[in-house]
Amino acid sequence: MNWLTKIKVFGDKIKRNLKKKFPTKEEIAKSDWTSCCSGPLLKKDLEDNLWCCPKCSKHHRISCRQRFNIIFGKDNYEILETPQPAEDPLNWKDTKSYKQRLVEARKKTGQNCAVMIAKGQVNGIQITAGAVNFDYIGGSFGAAETEAFIYGVQNSIDHSTPFVFFASGGGQRLFESAIALAGMTRTTLAVNELKKNNLPYVVCFVDPCAGGISGSFAMLGDIHFAEPGSLIAFAGKRVIQASLNQELPSDFQTAEYVMQHGFIDRIVNRKDLTNEIGKLLEILLKRNSEVNSELSNETSTNIEQSTKAAS
Ligand SMILES: [Zn+2]
C-alpha cells in the first residue's frame, strides 16, 4: 500500500466516524433531546419552561400551535381556516421543484401554509391572533401566507376584535417572486383597514424577523413587542457590512439594539407576554382594569384639586 492509498483509507475512516457521530436533521427532530448553551437538554424540560432555556434564557423557536397554547392556554382557542390560493403559479424549479418543497414543508409542520390564524381570549378580551412557523420554508411569505394575514385582519374587523400578530420569517418567498412581493402592499393595505376601524393592532417580533415581513406589516403595529434576543432586520448584517465596508456592532439587528433605536416599544419574556398583551389591550380598549382604575383615580383627584384651587 503506497502513501497515497494509505491517506485515502485514513480519510475514508474519518468520514465513516464523522457520519456515525452526527445525526441527521430528521433524527434530531424525532429525538427527545435538543441542545443549548450547556449542551444536551431534554425537550420536555424545555417545553415546561415555554421553550426558553432555563440557563441562558434563550427563546427557542416554536410552532404556531405552541405559540397559541402559550397565549390562550392549551387548546383553548379556535384555528381559523384560511383561503388557499393557486399553488406554484410560476411553475418554479431549481434544485427541486417548489411543489416538492411545499409537500415537504406540509409534512414537516402539519400546516397548509406558514401562517396560522386563531381566535381566543386574553384577560377576558376576545382577540384574533396570527403566528408564523419558521419551519415552513423559513416562515417566508407567499400568496397563501398573505391571504391568511388578510383573512385574520378581516376576521378582526368583522368581529371588532384587536389583531395580535407574532411576526417572524425570512421575508417574501423567492419561489413566488413578484406575487410574493405584492403581498407587502396587500398586507399594508389590510393594516390600514384595521386602523380605519379603530381596532388595536399589536405586533410581537419573534426570532428571526427579516426582509419583506419587517419591511411591511410587521413595522406598522400600534405597539411593538419583541422577545429578548430576536433578530429583527431588513437586509442581512453581512450585506450591510459589505456595502458600507465597515464593522457593525456585535448586537446589531438584535431586539435590544432595535429598541434603542426606537422601532420596538418593549422587550418581553415569553412567560410574561400574555399578561403584557392583556394589560395593553385593557388600556387601549378602556376596559375595567387595575391600570385604568388607577388612572381614573388620579384624574379625579387632579380634577378635585383644580376645582378647589379655582374656588
Ligand atoms: Zn441555553
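**A guided path through the chain**

Serine 230 counts as buried, because its relative accessibility is 1%. Buried here means under 20% relative accessible area, exposed means over 50%, and partly exposed is in between, with a 1.4 Å probe and protein chains only. Serine 230 sits in the loop between β8 (223-226) and α9 (237-244). Helices (H or I, at least four residues) and strands (E, at least two) are DSSP runs, numbered from the N terminus. This is a predicted model, in which local features need pLDDT of at least 70 and side-chain atom pairs count only at pLDDT 80 or more, while totals for chains, interfaces and linings use all residues. Residues are numbered from 1 along each chain as its sequence is written, and side-chain values use heavy atoms, with hydrogens and water left out.

What does the side chain of serine 230 reach? The partner is the backbone oxygen of glutamate 227, at 2.5 Å. A polar contact is a pair of N or O atoms within 3.5 Å; within protein, one must be able to donate a hydrogen and the other to accept it, and residues adjacent in sequence count only if both atoms are side-chain atoms. Serine 230 also touches Phe205, Val206, Asp207, Gln253, Thr254 and Ala255, with residues up to four places away in sequence not counted. Contact means heavy atoms within 4.5 Å.

Asp207 leads to the next feature. The peptide bond from aspartate 207 to proline 208 is cis, with omega near -15°. Most peptide bonds are trans. Proline 208 belongs to strand β7 (residues 201-209).

Now step back to the whole chain. It has 12 helices and nine strands. Its C-alpha atoms fill a box of roughly 110 × 45 × 45 Å along the principal axes. Of the 311 residues, 40% are buried. Take the contacts between residues at least 6 apart in sequence: 64% of these join residues at least 24 apart.

Arginine 67 gives one case of such long-range pairing. This residue lies in helix α4 (residues 64-72). Arginine 67 is buried, because its relative accessible area is 3%. Its C-alpha atom is separated by 7.3 Å from that of alanine 131, though the two residues are 64 residues apart along the chain. Leaving out residues up to four places away in sequence, arginine 67 touches Ile62, Ala131, Phe166, Val206, Glu227, Arg270 and Leu273. Val206 is also among the residues that serine 230 touches.

Arg270 and Leu273 lead into helix α11 (residues 270-284). At 1.5 Å a residue, its 15 residues should span 21 Å, and the end C-alpha atoms are 21 Å apart, which agrees. The expected span is 1.5 Å times one less than the number of residues. Arg270, Leu273, Thr274, Ile277, Gly278, Leu280, Leu281 and Glu282 are buried in α11. Lysine 286 follows the helix, with a positive phi near 55°.

Helix α5 (residues 98-109) passes the span check too: 12 residues should cover 16 Å, and the end C-alpha atoms are 16 Å apart. Which residues of α5 are buried? They are Tyr98, Arg101, Leu102, Ala105 and Thr109. Seen down the axis, these buried residues fall within an arc of 100°, so they line one face of the helix. The arc is that of the directions from the helix axis to the C-beta atoms. On the other side, Val103 and Lys107 are exposed. Just after α5, glycine 110 takes a positive phi of about 70°.

Most residues other than glycine have a negative phi. Asparagine 123 has a positive phi of about 50°. Its place is the loop between β4 (115-122) and β5 (125-132). At 38% relative accessibility, asparagine 123 counts as partly exposed. Tryptophan 51 also has a positive phi, of about 60°. Tryptophan 51 is in the loop between α3 (43-48) and α4, and is buried, with a relative accessible area of 15%.

The zinc site closes the path. Cys36 (SG), Cys37 (SG), Cys53 (SG) and Cys56 (SG) coordinate the zinc ion at 2.2 to 2.4 Å. Donors are N, O and S atoms within 2.8 Å of the metal (3.2 Å for Na, K and Ca); water is not among the atoms, so sites may look incomplete. In sequence the donor residues are spaced C-C-x15-C-x2-C. The site is tetrahedral, with angles of 102 to 128° among its four donor atoms. Four donors count as tetrahedral if all angles lie between 85 and 135 degrees. Cysteine 36 counts as buried, at 19% relative accessibility.

Terms used: Tetrahedral: all angles 85-135°; square planar, octahedral: opposite > 155°, others 65-115°.
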